[in-house]
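This briefing goes through a single protein model by topic, with charge pairs taken up ahead of backbone geometry and confidence. Please keep the structure open alongside the text.

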Amino acid sequence: MTKSNDRVQVAVVGGGPGGYAAAFRAADHGLSVALVDPEENPGGVCLYRGCIPSKALLHVTKVLDDARAAAEWGIRFADPEIDLEALRGFEARVVEKLTRGLGDLRGRRDVRYVRGLAGIADAHTLEVDTGGDTKETIACEHIILATGSKPMRPSNLWIESPRVLDSSGALALDEVPKSLLVVGGGYIGLELGSVYASLGSRVSVVEMTEGLLPGVDRDLVGVLEKRVKERFDQVLLGTKVERLREMDDGIRVSLEGEDLEETEQRFEKVLIAVGRSPNTDIPGLGRTKVQIGDDGFLAVSPERRTAEPSIFAIGDIAGEPMLAHKASHEGKVAADVIAGEAAAFEPRAIPAVVFTDPEIAWCGLSEEEAKEEGIDVETARFPWEASGRATTLGGAKGLTKLIVEPESGRLLGAGFAGPGAGELVSETVLAIEMGATTKDLELSIHPHPTLSETVMEAAEVFLGHGTHVYRR
Ligand code: NAD
């Protein structure tokens, strides 16, 4: 049975942070909007199976870690009792509250919500599979594609087994395995590996490159790496997983790499976190002029328009970095363009945060990128050993680093490692977007005692007169 409704001005495919931000912005412009997603409410992977549940778990495990560390400060707690069912309940309540809130915001904006999987009939029509043999067609002036990404499952690494998990499986928190192998030392591997380590699993991580978080500033990763090595059983760098085999008592893993003591190891569970691939396999896409680039992403203009004039693409399908906040920003740009505004996706700095303990965050140009692109930069570092606030937090280890244009002192990039790094990075995003210099950062009074002072102090270091860093 096929149902059709009134034609809308904008139809958005995918209800994640990119898609719902686009739909809400388009509705706020006064456009008629339909939003298609299989879940009960908007939210997408980020809210249902990604950013939000993982951060809820990371919050809980930070409490566990802090309670353990408190013995050093004269407060001793009994060993924690972990009630997994209650913990899963907390995680579910967080997700429920936020997704229900989005459903409510959608309703107030009168965005039509069609639950199902959309295909493209033509450049102005969607066909939504709404379950069973029912279909709904949506005629529209514009389509915004925001279908996101899925975990990669390379054939040598993935076997169908309850013992082999992707990020969604790991977030389901069925149990705390005695031993967990994390394949991939990136965002997901380190965040979820940390959760399981705090809950009591013996965690090993295998990373095929020579360092954790490849591509991220080594000074920042260095701060995290020390902590990861303390908490994880093994950190195997320059190592690859050759094969997984299911046994009665776990997964036997064949490893390949130099300096490996054991090339065959057994783990109760294995988490595969080797990257995500964009969901570009949208039914009917081939009927349009939309192009897929050699990099596997949909080719889009700065307005996020594809080669098919009525179709826009945003978020993980429209290029790196695959981050929720980048998707939301693109969604708003696409909606503004459709509403007739002069808008473009041209950020100077996109922040990224790894929510481990300590957190790592950065934005703008990195020292490594500057080297590769032949851009002359100077760097300034402020070690948190010299921060009063970090010391009151039990001697939190950390670093604030600025990447600066030498002549003008203009801020080009910034990085943070330490507790709250994800909150600190925003000031430097604004500074980069506004073309601020280290002098501007130095002259802006920062509250004492806070970790935000480290931005001001790093600027002072660049200018050659750091109050708490002595240089002859
Ligand atoms: P990732 O790209 O961050 O890390 C994957 C890692 O796996 C890399 O270090 C890579 O070198 C390694 N790897 C690849 N193949 C391997 C193999 N065969 N053996 C060993 N190591 C191998 O990917 P991810 O952690 O899966 O996360 C996917 C994406 O999700 C990220 O790129 C990010 O955009 C997003 N994400 C963001 C956040 C956040 O913002 N905090 C959190 C989670 C995920």
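Within helix H8, Glu330 and Lys326 sit four residues apart, which is about one turn of the helix, and their side chains form a salt bridge whose closest N and O atoms are 3.1 Å apart. The model is a predicted one, and its mean pLDDT is 97, with 100% of the residues at 70 or more. The points below begin with the salt bridges, then move to a charged surface patch, the backbone, one long separation and the confidence values.

**Salt bridges**

- The count of salt bridges in the model comes to 27, and the pair in helix H8 is one that can be examined for burial on both sides.
- Glu330 has a relative accessibility of 0% and therefore counts as buried, the cut-off being under 20%, and Lys326, at 3% relative accessibility, counts as buried as well.
- A salt bridge also brings together the side chains of Glu175 and Lys269, with an N to O distance of 3.0 Å.
- Because Glu175 belongs to the loop between helix H5 (167–172) and strand E10 (179–183) while Lys269 belongs to strand E16, this pair ties together parts that are 94 residues apart in sequence.
- How exposed or buried are the two partners of this pair? Glu175 is partly exposed, with a relative accessible area of 33%, whereas Lys269 counts as buried at 8% relative accessibility.

**A network of salt bridges**

- Lys401 and Glu367 form a salt bridge in which the closest N and O atoms are 2.6 Å apart.
- Lys401 is located in strand E22 (residues 399–404) and Glu367 in helix H9, so that their contact ties together parts separated by 34 residues in sequence.
- Burial differs between these partners, since Lys401 counts as buried at 1% relative accessibility, while Glu367 is partly exposed with a relative accessible area of 24%.
- Which residues are joined into one network by salt bridges that share partners? They are Asp217, Asp219, Glu367, Arg381 and Lys401, so the network includes both partners of the pair just described.

**A negative patch on the surface**

- Glu368, Glu369, Glu372 and Glu373 gather on the surface in a patch of negative charge.
- Of these residues, Glu373 is found in the loop that runs between helix H9 (367–372) and strand E21 (378–383), and Glu373 is exposed, with a relative accessible area of 52%.

**Backbone geometry**

- As general background for the next points, most peptide bonds are trans, and most residues other than glycine have a negative phi.
- The peptide bond that leads from Glu320 to Pro321 is cis, with omega near -10 degrees, and Pro321 has its place in the loop between E18 and helix H8 (324–338).
- A cis peptide bond is also found from Asp357 to Pro358, with omega near 5 degrees, where Pro358 has its place in the loop between strand E19 (352–354) and strand E20 (360–364).
- Asp110, a residue other than glycine, has a positive phi, near 65 degrees; Asp110 is found in the loop between helix H4 (84–108) and strand E4 (112–115), and at 67% relative accessibility Asp110 counts as exposed.
- Arg304 likewise has a positive phi, near 75 degrees, in a residue other than glycine; Arg304 lies in the loop between strand E17 (276–278) and E18, but in this case the residue is buried, with a relative accessible area of 9%.

**A long separation**

- Ala273 has its place in the loop between strand E16 (269–272) and E17, and at 12% relative accessibility Ala273 counts as buried.
- How far apart are the C-alpha atoms of Ala273 and Gly394? They are separated by 32 Å, the two residues being 121 residues apart along the chain.

**Confidence by element**

- Among the elements of the protein, the lowest mean pLDDT, 73, belongs to strand E1 (residues 2–4), and the highest, 99, to strand E18 (residues 311–313).
- Strand E18 also borders two of the loops discussed above, namely the loop that holds Pro321 and the loop that holds Arg304.

Methods. Residues numbered from 1 in each chain as written. Predicted model: local features only at pLDDT ≥ 70, side-chain atom pairs only at ≥ 80, totals over all residues. Heavy atoms only, no water. Patch = residues over 30% accessible without salt bridge, like charges linked within 9 Å, V, L, I, M, F, W, Y side chains within 5 Å. Areas by Shrake-Rupley, 256 points an atom, 1.4 Å probe, with all protein chains shown as cover. Salt bridge = Lys/Arg side-chain N within 4 Å of Asp/Glu carboxyl O. Lys, Arg positive; Asp, Glu negative; His and termini not counted. Charge placed at Lys NZ, Arg CZ, Asp CG, Glu CD. Buried < 20%, exposed > 50% of the residue type's maximum accessible area, 1.4 Å probe, protein only. pLDDT = per-residue confidence, 0-100.
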